[in-house]
Amino acid sequence: MILSRFLLAVGLAILMVVTGVSSYMYLGSRQSKVVAPPQKPTAATPRGQAFALPGTIYLEQSGALYRFSAGRFHQLTPEDGWTQPALYPDGSHLLAVKRSGFFSDVYVLTPYGGVTSQLTNNVAPPRSSWDTGANAWSFYPRLSPDQGTLWMSYDGPKTAGAGYFDVDLAVWAVPLGGSIRQGKAWTTANNYTGGDVQPVPVPGGIIYTKYTYDPAGNRTGQLWFTNRAGSPGRALTSTAASCLQPSISPDGGNLAMICTYQKQISYLTVATWNGSSLGALRTLITDQLVAEPIWAPDGSGIAYLAPGGPASPFQLWFLPKNAYNPPPPSPIPTPTPTPGGPHNGPLPTPTPPALPTPPPVRPIQVTSNLGFDASSPLAWMP
């Protein structure tokens, strides 16, 4: 009887993890099973890549974290469930999630992958080891600009023996180094949606992705903003646009995201941000399955993940800023009259010379034959 209850609990836990946590990570599964398996990123070392991004970017493949700098990859962790890196604002350390089969925790790592501390402890106590529903999940860690508050998506606290297997994440704020008992839930998740994820601290509050159902019963994502714990907050995008994965620009004035319009697509989209609301959505890329956009620290463009071809694994791409913020056209010089020429009557209006149309700026494919996790945000250090 005990064994059968345990097997039932395991089955329910797997079901809820798949339908709760993993349902909003669908991009990570949009890969073909018939193409050749991806190479390890370090397989290209010591040969540098054809295009090197500025600074250092952190990514995840197959449960391992990698850093990409000066055109080469370096593996930081073993393939042991590591995912979702995020930088300390001062660049001194990384936050990362380590995921197991039934729980996940947030850790602090050096920029070279050494573990320095564990910030959460989401495994159920030993007396509850048979109750997998007593475990908890932490995802999408971020630090406040003053590095005093850990923001994350969290589905606890759990009560041992409650038999609760739903995974609906809410955004929590916890003092860095403090216990979850010192933290506060800032949002209230909608049941059976996957919850509230991907918090981005901004002056005056947080922007995050909220999963909900539209009036027709379709599950969809929205970007929301809230300025205090317990506030209902307000939507920044519509349910019809189905936008998620927010990323704030270095100057704080623009937001990048993906919008799916409730279809099996994901457009790279940007909008201005004035501290309280978004401007009009502007679509930059419509012919790729875009995931996890991030702004270059020097403002030179936006990196993101997308398949390298039809039914291919996700690669690293870069869109230069001239693609979405082109320089103004050169002014047309005003002709001056010829000295000593005729002045009896109006000067003829010259026909301005035709300016050449610059070729469109296209995204640059930075990697090939790799396979990055499209549910793991990127981190980028100058």
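Why is strand E6 largely enclosed by the rest of the structure? In this predicted model, strand E6 covers residues 104-109, and 6 of its 6 residues are buried, so the strand is largely enclosed by the rest of the structure. Buried here means under 20% relative accessible area. In a regular strand the side chains alternate between the two faces of the sheet. Strand E6 can be read in that light. Ser104, Val106 and Val108 point one way from E6. Asp105, Tyr107 and Leu109 point the other way. The residues of both groups are buried.

Strand E6 has pairing partners as well. Strands of a sheet pair through backbone hydrogen bonds, either parallel or antiparallel. Strand E5, residues 94-99, pairs with E6 in the antiparallel sense. That pairing runs over 6 bridges. Within it, Leu95 has Val108 of E6 as its bridge partner. The two strands form a hairpin, with 4 residues between them. Strand E7, residues 115-118, also runs antiparallel to E6. Here 3 bridges join the strands. Val108 appears again, with Ser117 of E7 as its bridge partner. Val108 is thus bridged to Leu95 and to Ser117. E6 and E7 form a hairpin too, with 5 residues between the strands. In that hairpin, Gly113 takes a positive phi near 100°.

The wider chain gives the setting for these strands. The protein chain holds 1 helix and 24 strands. Of its 382 residues, 48% are buried. Contacts across the sequence were also counted. Among contacts with a separation of 6 or more, 48% join residues 24 or more positions apart. The chain exposes about 18,300 Å². Carbon and sulfur atoms supply 58% of that area.

A second group of strands lies further along the sequence. Here 4 strands form an open sheet, in the order E16-E17-E18-E19. Their pairing is antiparallel. Strand E16 (243-248) and strand E19 (282-285) stand at the edges. Each has a single partner strand, so one side of each is left without a neighbour in the sheet. From one strand to the next, the twist averages 30°. Strand E17 spans residues 254-259, and strand E18 spans residues 267-272. These two pair in the antiparallel sense over 6 bridges. One of the bridge pairs matches Leu255 with Ala271 of E18.

The open sheet also carries a covalent link. A search of the whole structure finds 1 disulfide. Cys243 and Cys259 form this link, with their sulfur atoms 2.1 Å apart. The link is right-handed, with 100° about the S-S bond. The pair joins distant parts of the chain. Cys243 lies in strand E16 and Cys259 in strand E17, 16 residues apart. Are these cysteines buried or exposed? Cys243 has a relative accessible area of 0%, so this residue counts as buried. Cys259 is also at 0% relative accessibility, so Cys259 counts as buried.

Salt bridges add further links. The search of the whole structure finds 3 of them. In one, the side chains of Lys98 and Asp80 meet at 3.0 Å, N to O. This pair links distant parts of the chain, 18 residues apart. Lys98 lies in strand E5, the strand that pairs with E6. Asp80 lies in the loop between strand E3 (72-75) and strand E4 (82-87). Lys98 has 26% relative accessibility, so Lys98 counts as partly exposed. Asp80 has a relative accessible area of 38%, so Asp80 is partly exposed as well.

Another salt bridge joins Asp196 and Lys210, the closest N and O atoms being 3.0 Å apart. Asp196 lies in strand E12 (residues 196-202) and Lys210 in strand E13 (residues 205-213), so the pair ties together parts 14 residues apart in sequence. Both Asp196 and Lys210 are buried.

Asp287 forms a salt bridge with Arg362. The closest N and O atoms of this pair are 3.2 Å apart. The two residues lie in distant parts of the chain, 75 residues apart. Asp287 is in the loop between E19 and strand E20 (291-295). Arg362 is in the loop between strand E22 (314-320) and strand E23 (364-365). Asp287 and Arg362 are both exposed, whereas Asp196 and Lys210 are buried.

Key:
Residues are numbered from 1 along each chain as its sequence is written. This is a predicted model: local features need pLDDT of at least 70, side-chain atom pairs count only at pLDDT 80 or more; totals for chains, interfaces and linings use all residues. Side-chain values use heavy atoms; hydrogens and water are left out. Buried means under 20% relative accessible area, exposed over 50%, partly exposed in between (1.4 Å probe, protein chains only). Two strands pair if DSSP finds at least two bridges between them. Contact means heavy atoms within 4.5 Å. Accessible areas come from the Shrake-Rupley method with a 1.4 Å probe; for residues, only the protein chains shown count as cover. Axes are lines fitted to C-alpha atoms, for helices over the stretch in contact, and angles run from 0 to 180 degrees between N-to-C directions. A disulfide is a pair of cysteine sulfur atoms within 2.5 Å. A salt bridge is a side-chain nitrogen of Lys or Arg within 4 Å of a carboxyl oxygen of Asp or Glu.
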